[in-house]
Amino acid sequence: MRHQQLLSPYYLFFLALSLFAERTSAQNPIIRDQFTADPTARVFNGRIYLYPSHDIPVAEGARKDWFCMADYHVFSSDNLTDWTDHGVIVSQEDVPWGNPSGYAMWAPDCVEKDGKYYFYFPNAPKSGRGFAIGVATSDLPDGPFRLESKPIVGTSGIDPSVLIDDDGSAYIYWSGMGIRGAKLKNNMMELDGELQEVKMPRREGMPEMPPMKVGGQQMEGLPEGFKEGPFAFKRAGRYYLTFPWVREEGGTETLAYAMSDSPLGPWTFKGLIMAEHANRCWTNHHSLVEFRGQWYLFYHHNDFSPNDDKRRSVCIDKVTFNADGTIQEVKPTLRGVGIISATSRIEVDRYSAASEGVTTALNDTVYPFLGLHASLPKKGSWMTFGDVDFSMITDGYVMLCVKADENTELTLREKSAKGKVIARAKVTVKSEITRPGMPTPFRRDQSGQWLTLTVPLDYTPKGIADLVVTCEGTAVSVDWVQLRNRQQYFTPVAKNTASAKPDEHGFIRRWQLMEPQKQDIRSNVIFTDSWLRKTFADELDKLPKKAKWYAMESPTYNMKLFRFAEKYGSQAYGNLFWCETVFDCTEDISDVRLAAGSNGASMWWIDGQEVLLLEGDRRMVVDDGVSHRLTLKKGRHTLRCAVINGPGLSDMCVRFIDEQGKPITNFNIQ
């Protein structure tokens, strides 16, 4: 049956998507390449492990309007932001006692005792009625798990939860004719106590069912109404029994809780942890866990399937306890928890807060894991995405995936809708990049509506800050925002830095570069010998006395002058670049040639004497031009070049070679 399931169109899409999906997910829902529900979170060895159930599209032969679950995955994280899928740990066709086509592998749990991990899960048996709870064991929290041959006798129900008390005693809770609980034997696989014969309630239109033998006891003190999915834990000496609860007829599930001084009650009902989902998603299911001093609620919602509440996704929000141990009601958020790196793709539709009228919607209703987008309806609309870490941005730009019906503007700000401007973007149907040299924007879909814009940063926040997107014009929709660092084309050379050597191929990488000098050049066809000599002589005569020079070292053999102009000039195209380097020879070096290449035309001088001219509209090639034979006398020399270009990129490379074309490297560069 697993192979039939994998052939479904949904599953083929999920498989393809998983090859490209980013692992980072610092917003709700946290798992973004498959449907996950009923999350049990546990902390093992300082890492948090997540054991959810796995909603899949309805399989062949399964009930069309019901939950469909065939296996279990386990996920883990050390920061609640980056989640690793460790794959399937239990599948329905592998359970010795289970129905291989039951599709009823509902909420599980996993606990550790004496170095062994026990995974508890419900399943429909091969024969008979109802459900049973099975066990699988492992030496590691992410498996592999070994399945026991039989289920736990006396657990006719679903949604197991296990609590290990301070003294090592273990208790199991499950849903079945209400919520039941029992102590486990030391082997963690048998109920401790006698089984009881319980009369099964008769369903309307169905024949009367014979009694069943069940273990444990019904939990007392819980409110009236449908209850399932128990999760028990202990905090500050008090026991908590939490559960999904339908508090009114025809309603949907809340998350509620009760407290006790004993692991099996009686319980005192305290109230809600989370109210019904606003969109009337029928179920909710959960766990609470403390991780690094903060308590969290893991729960599920149908964010990725708003029209189908049988396909759900796991979310996280923080939990706060009052001084008396009671739990403050948790309001579900889009943002979720965790700090996200500014270099990750930030899905700002999962905002922490937003102005009135901001809405979210799926990008594609057929393939929900393509995510959602947010719409800012008018000028002044805003949304805030909290806890973004900007510390890794050193020389950055920002990319935004946006859509607008007409020309508009939006701004990224720090902290608030009136905070310091990080970047500004103009959005048009045919938006172009706002500064050359950055990645070309591309259309997200065939309609051409979604555009990815690339814009420079006006300001980079320090450390962790809130990112705010504001609409400065007409309505605009935003899918995601991502900051990136520019490639490091240069390394500044500090004063009194030790001398350098040419690289192994002889290329000179350390230069003094003058700030680019603007040129009005419409076409490079004018780069003739006579034009270049006159232009370079004229420009040399009128060089500004206070022109700024930059000492730079290139990480590559060529000096990327276009990138230099992009960062230090007023324009990237149409520039004259003056470049100079000083080198020392420890001895006379005779019969050498200067070999250079440039994008654009160039002229080269040694100690003020012209040695090479590369005319015409060139594309840089190593050793594109070679000088006459030279003798480099012992002592200090100055190598200067001028590179000029119009509408194209600009760079250059140079080295000295001998008569056989081998590089000369026995000199020092200051």
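Lys and Arg count as positive here, and Asp and Glu as negative. The model is predicted. Keep both points in mind for the exercises.

**Exercise 1. Charges and overall shape**

Task: Find how far apart the mean positions of the positive and negative charges of the protein chain are. Then compare the radius of gyration of the chain with that of a compact globule of 670 residues.

Solution.
- Step 1. Count the charges. The protein chain has 77 positive and 84 negative charges.
- Step 2. Take the two mean positions. They are 4 Å apart.
- Step 3. Turn to the radius of gyration. A compact globule of 670 residues would have a value near 26 Å. The protein chain has 34 Å.
- Step 4. Add the spans. Along its principal axes the C-alpha trace covers about 105 × 55 × 50 Å.

**Exercise 2. Elements, surface and contacts**

Task: State how many helices and strands the protein chain has. Then describe its burial, its surface and its contacts.

Solution.
- Step 1. List the elements. There are four helices and 45 strands.
- Step 2. Look at burial. Of the 670 residues, 55% count as buried.
- Step 3. Look at the surface. The chain exposes about 30,000 Å². Carbon and sulfur atoms supply 48% of that area.
- Step 4. Look at contacts between residues at least 6 apart in sequence. Of these, 65% join residues at least 24 apart.

**Exercise 3. Three salt bridges**

Task: Which residues does Arg42 and which does Arg510 meet in a salt bridge? Classify the partners as buried, partly exposed or exposed. Then do the same for Arg619.

Solution.
- Step 1. Recall the principle. Side chains of opposite charge can pair when their charged atoms come close.
- Step 2. Take Arg42. Its side chain meets that of Asp109 in a salt bridge, at 2.8 Å from N to O. Arg42 lies in strand β1 and Asp109 in strand β5, 67 residues apart, so the pair links distant parts of the chain.
- Step 3. Apply the cut-off: buried means under 20% relative accessible area. Arg42 has 14%, so it counts as buried. Asp109 has 0%, so it is buried too.
- Step 4. Take Arg510. Its side chain forms a salt bridge with that of Glu553, at 3.2 Å from N to O. This pair also links distant parts of the chain: Glu553 is in strand β36 and Arg510 in strand β34, 43 residues apart.
- Step 5. Classify this pair. Arg510 is buried, at 8%. Glu553 is partly exposed, at 24%.
- Step 6. Take Arg619. Its side chain meets that of Asp617 at 3.1 Å, N to O. Arg619 is exposed, at 54%. Asp617 is partly exposed, at 44%.

**Exercise 4. The packing of helix α4**

Task: Name the buried residues of helix α4 (residues 561-568). Which strands do they pack against?

Solution.
- Step 1. Pick out the buried residues. They are Leu561, Phe562, Phe564, Ala565 and Glu566.
- Step 2. Find the strands they pack against. These are β34, β36, β37, β43 and β44.
- Step 3. Connect this with the previous exercise. Strand β34 holds Arg510 and strand β36 holds Glu553.

**Exercise 5. The surroundings of Thr137**

Task: Is Thr137 buried or exposed? Which residues is it in contact with, leaving aside neighbours within four places in sequence?

Solution.
- Step 1. Place the residue. Thr137 sits in strand β7 (residues 132-138).
- Step 2. Check accessibility. Its relative accessible area is 4%, so Thr137 is buried.
- Step 3. List the contacts. They are Lys116, Tyr117, Tyr118, Pro144, Phe145, Arg146, Glu148 and Met189.
- Step 4. Follow up Tyr118. Thr137 and Tyr118 are 19 residues apart along the chain, and their C-alpha atoms are separated by 4.7 Å.

Terms used:
Residues numbered from 1 in each chain as written. Predicted model: local features only at pLDDT ≥ 70, side-chain atom pairs only at ≥ 80, totals over all residues. Heavy atoms only, no water. Helix = DSSP H or I, 4+ residues; strand = E, 2+ residues; numbered from the N terminus. Rg over C-alpha atoms; globule rule 2.2 N^0.38 Å. Buried < 20%, exposed > 50% of the residue type's maximum accessible area, 1.4 Å probe, protein only. Contact = heavy atoms within 4.5 Å. Areas by Shrake-Rupley, 256 points an atom, 1.4 Å probe, with all protein chains shown as cover. Charge placed at Lys NZ, Arg CZ, Asp CG, Glu CD. Salt bridge = Lys/Arg side-chain N within 4 Å of Asp/Glu carboxyl O.
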